[in-house]
Structures are given as structure tokens and as C-alpha cells.
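Welcome! Take a look at the model below, and then let us walk through its metal site and its bound ligand together.

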Amino acid sequence: AKQSMKAQKYALYSNSCENQPLMMRMFNDLNKAIANNEFFLLYQPKHSVLNGELRGSEALIRWRHPEFDVLSPDRFIPIVEEFGMMNTLGRWIIREACSQIREWMDNGNICRISINLSARQFQMDNIVDIVKEEIERARIEPGLLGLEITESMAMDIEKSMNTLSNLHQLGVLISIDDFGTGYSSLNYLKRLPIHELKIDRSFIRDIEEGEGDKAIVTAIVALAHNLRLKVVAEGVETAGQLQVLKQIGCDEAQGYYFNKPLTPGEFELCFKAVNA
Ligand code: C2E
Ligand code: CA
Ligand code: CA
Ligand code: CA
């Protein structure tokens, strides 16, 4: 019986269902999770494609649930959003990343951290104020903070322009995440104040085989460079993939070939390698 309870709860975490008592349980778990320090951020380095140098990092959230080990964000972010709790968790993520930037700075290591913004979070009326407050609270350069939003969030120009120009004014950097997977009117690219495109992992996976994905990535890099945007490849897992990206002229790469998402302590070893 215990086993099937657990299976049911897993089902709940992976998609919303009609089971009210379990929904309430989930709600309570989430409410307690911040206070109990159950969320934590891992940091995945971004590297120069040309020479592998450390260029920055991306914060990726995890939930150390008291019963279900460590949950990945795909399992709980949608539910957090559904319950209208992204307000609280979103603020926590921004604060945590800013104070990590500050901590690394205090240790003599300047490193940008990019945060993933959820759709709801990006749409909040006060998102710019929140980002500003947390930057000031941590006393960091705004340029050391990056925000990753998806194509679909950016594409509705009427809605996103205001927020993005205010964030741009503030000095934080904006990346378009999972680029290439969304519905594409590319018009928004030249109109919005963005800095970087992150090419989705699905285009990188088979980049060595066949010409299809390679052609697409080549075109994305050319487009981005024409618009003076930096290009980052996600999910680079092999030396062969990196080699192709180098040929194509992609700027930066992230992926298991270099590093998996790291704890702050593990990340410090990357600084040591850089400073050595
Ligand atoms: P994403 O922004 O596209 O992040 C990349 C995902 O790919 C991460 O999964 C990362 O661990 C994984 N990854 C990195 N390198 C490789 C690789 O070489 N191979 C493969 N197969 N995977 C790789 P993760 O951490 O489970 O995050 C999943 C998604 O959850 C993220 O996708 C992002 O959309 C969302 N997410 C993560 N952290 C946050 C957060 O703090 N806030 C919000 N709103 N969303 C978050
Ligand atoms: Ca991302
Ligand atoms: Ca991504
Ligand atoms: Ca992706």
C-alpha cells in the first residue's frame, strides 16, 4: 500500500491530477520547502567553444524533498506555477543566485550567473523591481546577472518589450533559451534588447550525423552574429559535437562534455583551474 501511495504521489509531481488530498499535500510540502531549505541551486558552467575557458554559469534548481530524494525542476516548477507560488520561489531563486555571485566575488572570482525565468515569473508586474532589489541587496554588478527566457515568452513583443527594455536598462543580460524549438516569427530578434541565443539541445544531439541539424545550427549562428548576438550551444556531450561547433563558429557551449550542473563547492574547483 505504501508503495502505491508513493507511485500516486510521483504521478502528481509529474502532472496535475484530480486527487484533491494529494494536491493539498503537495501544496503543504511546497509551502514548507523554502522555510526548510529544501531547494538548492546547481551551477552549470558555460565554456568558450574555442578554448574551453569558463565564461559563466547557469543556475538550475533542485528540490531535496524529504521523501522523494532530489526532484528536478520539470517535476515541480509547473505545479509551483499552477498553485501561484512562483512569486515566492522565484524571488528565492533570484536572491540565492545574486548572493552566490556576491560570495564568489568576495573570494576573488567574477562569474556571471544566468537564471531561468518561468513564464509566470516573467509576466509579474514587479519582476523588474524584484531583480533590481535583489541586485542591490547583494551589491553586485547588474552585468553579472543573466536571465534566460524562452522564445515564446519573448515573441509576444507587445507584452515583453516593456519588461525587457527595463531589464536592459538595469544592465542585466537576456538570453533566449531553447532557441529553435518555439514557433518562429524571427521578427522579435531584431526588435528586442537581447544578448544571447541558446540553441536547444535537440539540434546539437545529432549534429555530427547527417547535414540537417548542422545546417540549422550554421544558419542560427550566422543569423545571431549578424544581429550581434552571442550563441551558446546546449547539451554538448562529445568532443565530436564540440568540433563541429568550433567549425561553425558557435561562441559558447554547455553540457556534460565539459561539466554537469555542479554544487557551489564543485564549481569553485573550476575557478581554481582557471586561476592555476
Ligand atoms: P534548460 O534551461 O534548457 O536547462 C538545461 C537542462 O539540460 C538542465 O536540466 C540541465 O541539467 C540539462 N543538461 C545540461 N547539459 C546536458 C547535457 O549535456 N546532456 C543532457 N542530456 N542534458 C543536459 P534540468 O536542470 O533538469 O532543468 C530542466 C529545465 O527546468 C531547464 O531547462 C529549465 O527550463 C527549467 N529550470 C531549471 N532551473 C530552473 C529555475 O531555477 N527556474 C525556472 N523557472 N526553471 C528552471
Ligand atoms: Ca536555461
Ligand atoms: Ca535551455
Ligand atoms: Ca533545452
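Here is a short report on a calcium site and on ligand 1.

## About the model

This is a predicted model, where local features need pLDDT of at least 70, side-chain atom pairs count only at pLDDT 80 or more, and totals for chains, interfaces and linings use all residues. Residues are numbered from 1 along each chain as its sequence is written, chains are lettered from A and ligands numbered from 1 in the order in which they are written, and side-chain values use heavy atoms, leaving out hydrogens and water.

## A calcium site

Glu-58, Asn-116, Glu-148 and Asp-177 supply the protein donors of the calcium ion (ligand 2), at 2.2 to 3.2 Å. Donors are N, O and S atoms within 2.8 Å of the metal (3.2 Å for Na, K and Ca); water is not among the atoms, so sites may look incomplete. Along the chain, these donors follow the spacing E-x57-N-x31-E-x28-D.

This ion has a neighbor: the calcium ion (ligand 3) is 3.6 Å away, and Asp-177 coordinates both.

Are Glu-58 and Glu-148 buried or exposed? Glu-58 counts as buried because its relative accessibility is 7%, and Glu-148 counts as buried at 1%. Buried means under 20% relative accessible area, with a 1.4 Å probe and protein chains only.

## Around ligand 1

Ligand 1 is surrounded by 23 residues, and the closest include Gln-44, Arg-62 and Tyr-256; to count, a residue needs a heavy atom within 4 Å.

A polar side-chain atom of Gln-44 lies 3.0 Å from a nitrogen atom of ligand 1. Asn-116, already met as a calcium donor, has a side-chain N or O atom 3.0 Å from an oxygen atom of ligand 1.

Definitions and conventions: Buried means under 20% relative accessible area, exposed over 50%, partly exposed in between (1.4 Å probe, protein chains only). A polar contact is a pair of N or O atoms within 3.5 Å; within protein, one must be able to donate a hydrogen and the other to accept it, and residues adjacent in sequence count only if both atoms are side-chain atoms.
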